[in-house]
Amino acid sequence: AGLPKWHLIILLFMFRVSFNLHLTLTLTGPLDHDHDHHEDQVHHNANPDRCDGIEFDAIAPDEKGHTFFFKGDHLWNGFSGQAQVSSAFFRELDDYHHLGHVDAAFRMHNREKHETHDHIYFFLDDKVFSYYNHSLEEGYPKDIQLDFPGVPSHLDAAVECPKGECNSDSVLFFKGEEVYNYDIVTQSVKERQWAHLPNCTSAFRWLEQYYCFHGHNFTRFHPVSGEVNGVYPKDSRHYFMRCLNFGHGGEAKVPKCSEVTLDAITSDDSGKTYAFTGHNYMRLDTHRDGKHTFPIARTWNEVTNGVDAVFSYNDKIYIIKGDQVYIYKSAAPSTLIEGYPKSLNEELGIEGPVNAAFVCANQHIVHIIQGRMMKDIDLSATPRVVAREAPLPISGIEAGMCGPDGVKVFVGSEYYHYKTPRLLAFSRILQEPKNITPDMMGCVE
C-alpha cells in the first residue's frame with residue numbers, strides 16, 4: 001500500500017524547505033557571525049549626519065569643483081545635503097575594502113602633465129587610487145611608493161599646493177605630527193614637524209586657503225611654514241556646511257536668478273572676480289571650488305553695511321561707500337592702505353553717491369556711473385579730475401565691470417553687454433538685456 005496522502009504532503013514540504021535553504025546558502029554563503037557583524041556595521045554607518053559633529057576621513061574636490069567629504073563608507077557631495085554611499089560615486093573602492101573607507105585624498109594640480117592634472121587621488125592603507133571623471137584609471141590601485149616615493153602608508157590627510165602658494169607644485173601629506181612636502185616634478189620629499197598644528201584627520205585647499213580638519217573643528221594654516229594666524233580651532237559647522245542653528249549658512253537658500261541684484265562687481269589683476277550684494281560677497285571665478293557667499297567684512301575688515309561701487313586698478317581694490325573710498329592691496333590678506341579711507345572728492349575729485357565703477361585691463365581710466373551719466377577719471381593724473389563725461393542710454397545701473405569680452409552693466413537681475421566703454425557711452429540704440437544665469441552667479445532658475 002502507498003503512503004497516506006498527508007505523508008506525501010509533509011515530504012514535499014520538507015523537500016522544498018531543504019532546497020530553498022541549499023539555494024540560499026549557495027548564493028549568499030553561510031549565515032555566520034561575520035555576516036551578522038557586516039550587517040551590524042552597515043547599520044552602524046548608515047546615513048551619518050555631519051551636523052552631529054563627526055570627524056571627516058578625507059576631503060577632496062573633483063575636476064568639476066564638486067567637493068566630497070568622506071566618512072567611513074559614506075560621503076557628502078558639497079556643503080549641503082544628505083550622506084550617500086561612497087561606492088555610488090567611486091564604485092571600485094568597495095572592490096578593495098568592504099567599507100570603502102578613505103585615509104586621505106586630494107585633487108592633483110599639475111598643469112605640465114595633463115594625464116594627471118585634476119585627477120583625484122585616494123589613499124587607503126598602502127595603496128593609492130587615481131580617479132578621473134569618477135572612473136578608476138587603468139593600472140590602479142598601486143602601491144603608494146610607486147606613484148609617490150618617500151611618502152608613507154596609512155596616511156591621515158593630504159592636500160595639493162600649487163606653485164605660487166608653495167615653492168613648486170606640491171602635495172602636503174600628514175601622518176601624526178609629521179608633514180611630508182612632496183615635490184611633484186622632482187619627486188623629492190621634505191619631512192618636517194608642525195607641532196603647533198593639531199594632527200589633521202583631513203585637509204582641504206579652498207579659495208587659496210589651507211585648512212586642517214581635526215574632530216569637527218578646523219585650523220587654517222600657511223602651506224609653507226605651517227603658521228597659524230587668528231583664533232583657532234573653529235567649528236566647521238559654522239563655515240563648511242549648512243547646519244541648522246550654526247553659522248551664516250544654516251538656513252540659507254540658493255536664490256533664484258530672477259531675484260539676484262548686485263551692488264558692485266569687479267575683477268582684480270590676478271583674475272579673481274568679486275560680486276557684492278548687501279553685506280555679502282561671492283567669488284565668481286572659483287568654479288573649481290564652487291560658489292559661496294561670505295560677509296564683506298571677512299575680507300575687507302573696515303567695510304560694513306555693504307558697498308556702493310568697487311573697481312580694481314594697479315594691484316589694488318577701490319571700495320566706494322557713501323562719500324568714502326577705501327583702498328586695499330589685492331594680495332591676500334587684503335590690507336587697507338595707510339591713510340584710508342579718504343573722501344571721494346579728495347581721492348577722485350567727485351562728489352557722491354556713486355552707482356557703479358569699472359576699469360578695463362591695462363587701462364588707467366576709471367569709468368564712474370552716477371545716474372545716467374558716465375564720468376571718466378584718469379587715475380594716472382594728479383590731481384584726479386573728471387576728464388570726460390557722457391550721458392548713458394540706460395537708467396538704473398547698479399553695478400558694472402570690464403572684462404576680456406567687454407563691458408557688462410547690471411540693472412536688477414539683467415545686464416547689458418557692450419564691447420567697449422565708448423560704445424556704452426555713445427550708443428543710442430538700447431541693447432537687448434540678458435538675464436543673470438546660474439553659471440554666472442551660482443543661482444537657480
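Two strands pair if DSSP finds at least two bridges between them. With that in mind, let's look at some close-ups of this predicted model.

**View 1. Four strands side by side in an open sheet.** The strands follow the order 22-23-24-25, and their pairing is antiparallel. Strand 22 (309–313) and strand 25 (342–343) stand at the edges with a single partner strand each, so one side of each has no neighbour in the sheet. Follow strand 24 (residues 324–329) next: its antiparallel pairing with strand 25 runs over 2 bridges. Here you can find Val325 opposite Lys342, which belongs to strand 25.

**View 2. A salt bridge between two strands, Lys127 with Asp143.** The closest N and O atoms of this pair are 2.6 Å apart. Lys127 sits in strand 7 (residues 127–132) and Asp143 in strand 9 (residues 142–143), so the salt bridge ties together parts that are 16 residues apart in sequence. Lys127 has a relative accessibility of 31%, so it counts as partly exposed. Asp143 is partly exposed too, with a relative accessible area of 34%. This pair can be viewed alongside a total of 9 salt bridges in the structure.

**View 3. Asp235 and Arg237 meet through their side chains.** The N to O distance in this salt bridge is 2.8 Å. Are the two partners buried or exposed? Asp235 counts as buried, because its relative accessibility is 16% and buried means under 20%. Arg237, at 10%, counts as buried as well.

**View 4. A salt bridge joins Glu347 and Arg384.** Their side chains meet at 2.5 Å, N to O. This pair links distant parts of the chain, 37 residues apart: Glu347 is in helix 6 (residues 344–348), while Arg384 is in the loop between strand 28 (373–378) and strand 29 (386–391). Both residues are buried.

**View 5. Three charged residues in one network.** Which residues are linked here by a network of salt bridges? They are Glu208, Arg283 and Asp285.

**View 6. Phe69 with an aromatic partner and a charged neighbour.** The whole structure holds 46 aromatic pairs. In one of them, Phe69 and Phe79 meet edge-to-face, with 5.9 Å from centre to centre and 70° between the planes. Phe69 lies in strand 2 (residues 67–71), and Phe79 lies in the loop between strand 3 (74–77) and strand 4 (84–85), 10 residues apart. Both Phe69 and Phe79 are buried. Look for Arg50 here as well: its charged end sits over the ring of Phe69, 5.3 Å from the ring's centre.

**View 7. Tyr274 and Trp300 form an edge-to-face pair.** Their ring centres are 5.3 Å apart, and the angle between the planes is 80°. Tyr274 lies in strand 19 (residues 273–277) and Trp300 in the loop between helix 5 (296–299) and strand 22, so the pair ties together parts that are 26 residues apart in sequence. Tyr274 is buried at 7% relative accessibility, and Trp300 is buried with a relative accessible area of 0%.

**View 8. A charge over a ring, Lys234 and Tyr232.** The charged end of Lys234 is 4.8 Å from the centre of the Tyr232 ring.

**View 9. Confidence along the chain.** The average pLDDT is 85, and 86% of the residues score at least 70. Take care with residues 1–44, where pLDDT stays under 50. For this stretch the model has 8 contacts beyond four places in sequence.

Key
Residues are numbered from 1 along each chain as its sequence is written. Side-chain values use heavy atoms; hydrogens and water are left out. pLDDT is the predictor's confidence in each residue, from 0 to 100. Contact means heavy atoms within 4.5 Å. A salt bridge is a side-chain nitrogen of Lys or Arg within 4 Å of a carboxyl oxygen of Asp or Glu. Buried means under 20% relative accessible area, exposed over 50%, partly exposed in between (1.4 Å probe, protein chains only). Rings of Phe, Tyr and Trp (its six-membered ring) pair if their centres lie within 6.5 Å; planes under 30 degrees apart count as stacked, over 60 as edge-to-face and the rest as tilted. A charge sits over a ring if NZ of Lys or CZ of Arg is within 6 Å of the ring centre and within 35 degrees of the ring normal.
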